[in-house]
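This report describes the fold of the chain shown below. The sheet is treated before the helices, the model confidence and selected residues.

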Amino acid sequence: MKKLTACFNFILGVSVLILLLCAPHNGYAKKKVRKIVIDAGHGGRDPGCHGVYSYEKDITLAVAKKVGKLIQNELSDTKVVYTRDYDWYPELKERTEIANREKADLFISIHVNSTPKRNSPVKGTLVLVCGPSRVNEKEGAIGEHANNFEENQGLLDPNDPITSIIIAQYSQAFLAQSIVFGSKINEEFANQGRYTEGIRQQSLQVLASSAMPGVLVEIGYLNNSEEENYLNSEEGQMEVAMAIFKGIKFYKEETEKDPIQITIEN
Ligand SMILES: [Zn+2]
């Protein structure tokens, strides 16, 4: 039995390595952004976090649909794929499977943050990319506050050897592009006058298993009454969707640009 397990682990390790070695390592390997997966966090039996009167799963879905409409209206050559377009719960694994099966060029997961306190003054947006964590992961888990239990379930154990290989290879292939995308979204939130917690690296399951650049965006705090009202308003949802859309548009333009030609004159 021991031998069998060792053999299985070896085959698994080799398969993962072959798969990862085949992934594009050049930051600009893909020239066209033709398909974008929009992932509305949580859903169905998993409501996510909640405020006084609303659930995360409903806000993420409403914003996801608005982002999708903006893409359909303004980027006619780009297809939108939703991991869910109604109130049900796809497992995290299913979400990345959808993205990989569709061979999407970009992945965006939309979430709402929270802390355990009711009516907390903590507010703001946060953009997460998948990479080796720079801070103590336990202290730095999702937001500075480490209290969004539902989100913490989506964190991988960085001490697991296979996980650390997957994260390292994902980072090599997609981290730079994901940062280009995420930084633009963060910049747009700041331009809109939102408080932002910036952009941060985490070992996120939903991103690590996907074969494309991507980010997870926390669009505000649901247990902050001001932000709960904002995120439930048509205007607030539209503003958030616009910041994400501008990030997508910028990323698409940057990716599809001709590579810079450098001529050296003698
Ligand atoms: Zn969430």
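## Pairing of strands 1 and 2

In this predicted model, Ile38 has Tyr82 of strand 2 as its bridge partner. Strand 1, which spans residues 35-40, runs parallel to strand 2, and 4 bridges join the two.

## The sheet as a whole

The sheet is open and consists of 6 strands in the order 2-1-3-6-4-5, with mixed pairing. Strand 2 (79-82) and strand 5 (196-202) each have a single partner strand and stand at the edges, so one side of each lacks a neighbour in the sheet. On average, neighbouring strands are turned by 20° against each other, direction ignored.

Two helices pack on this sheet. Helix 2 (residues 56-74) touches strand 1, strand 2, strand 3 (106-113) and strand 6 (214-221), and the direction of helix 2 makes about 145° with that of strand 3. Helix 6 (residues 161-191) touches strand 3, strand 4 (125-130), strand 5 and strand 6; the direction of helix 6 makes about 165° with that of strand 4.

## Strand 3 and its partners

Strand 3 is paired with strand 1 through 5 bridges, and these two strands run parallel. Within strand 3, Leu106 stands opposite Ile36. Strand 3 also pairs with strand 6 in the parallel sense, here over 6 bridges. His111 has Glu218 of strand 6 as its bridge partner.

How many of the residues of strand 3 are buried? The count is 8 of 8, and the strand is described as mostly covered. Leu106, Ile108, Ile110 and Val112 lie on one side, while Phe107, Ser109, His111 and Asn113 lie on the other; all of these residues are buried, and both faces of strand 3 are thus covered.

## Packing of helices 8 and 9

Helix 8 (residues 225-232) packs against helix 9 (residues 234-256) at an angle of about 80°, and their axes are 4 Å apart. Helix 8 is therefore roughly perpendicular to helix 9. Tyr230, Leu231 and Asn232 of helix 8 make the contact with Glu234, Gly236, Gln237, Glu239 and Val240 of helix 9. Classified by residue type, this contact of helix 8 with helix 9 has 3 nonpolar, 3 polar and 2 charged residues.

## Model confidence

The chain has a mean pLDDT of 85, and 78% of its residues reach 70 or more. Over residues 4-8 the pLDDT stays under 50, and the model shows 0 contacts beyond four places in sequence for this stretch. Residues 136-147 also have a pLDDT below 50, but this stretch has 39 contacts in the model beyond near neighbours in sequence.

## Selected residues distant in sequence

Asn191 belongs to helix 6. Is Asn191 buried or exposed? Asn191 has a relative accessibility of 55% and therefore counts as exposed. The C-alpha atoms of Asn191 and Ala243 are 9.0 Å apart in space, although the two residues are 52 residues apart in sequence.

Lys31 is located in the loop between helix 1 (2-22) and strand 1. With 40% relative accessibility, Lys31 counts as partly exposed. Along the chain, Lys31 and Lys252 are 221 residues apart, and a distance of 9.0 Å separates their C-alpha atoms.

Methods
Residues are numbered from 1 along each chain as its sequence is written. This is a predicted model: local features need pLDDT of at least 70, side-chain atom pairs count only at pLDDT 80 or more; totals for chains, interfaces and linings use all residues. Side-chain values use heavy atoms; hydrogens and water are left out. Two strands pair if DSSP finds at least two bridges between them. Axes are lines fitted to C-alpha atoms, for helices over the stretch in contact, and angles run from 0 to 180 degrees between N-to-C directions. Contact means heavy atoms within 4.5 Å. Angles under 35 degrees count as roughly parallel, over 145 as roughly antiparallel, 65 to 115 as roughly perpendicular and the rest as oblique. Ala, Val, Leu, Ile, Met, Phe, Trp, Tyr, Cys and Pro count as nonpolar, Asp, Glu, Lys and Arg as charged, and the others, Gly among them, as polar. pLDDT is the predictor's confidence in each residue, from 0 to 100. Buried means under 20% relative accessible area, exposed over 50%, partly exposed in between (1.4 Å probe, protein chains only).
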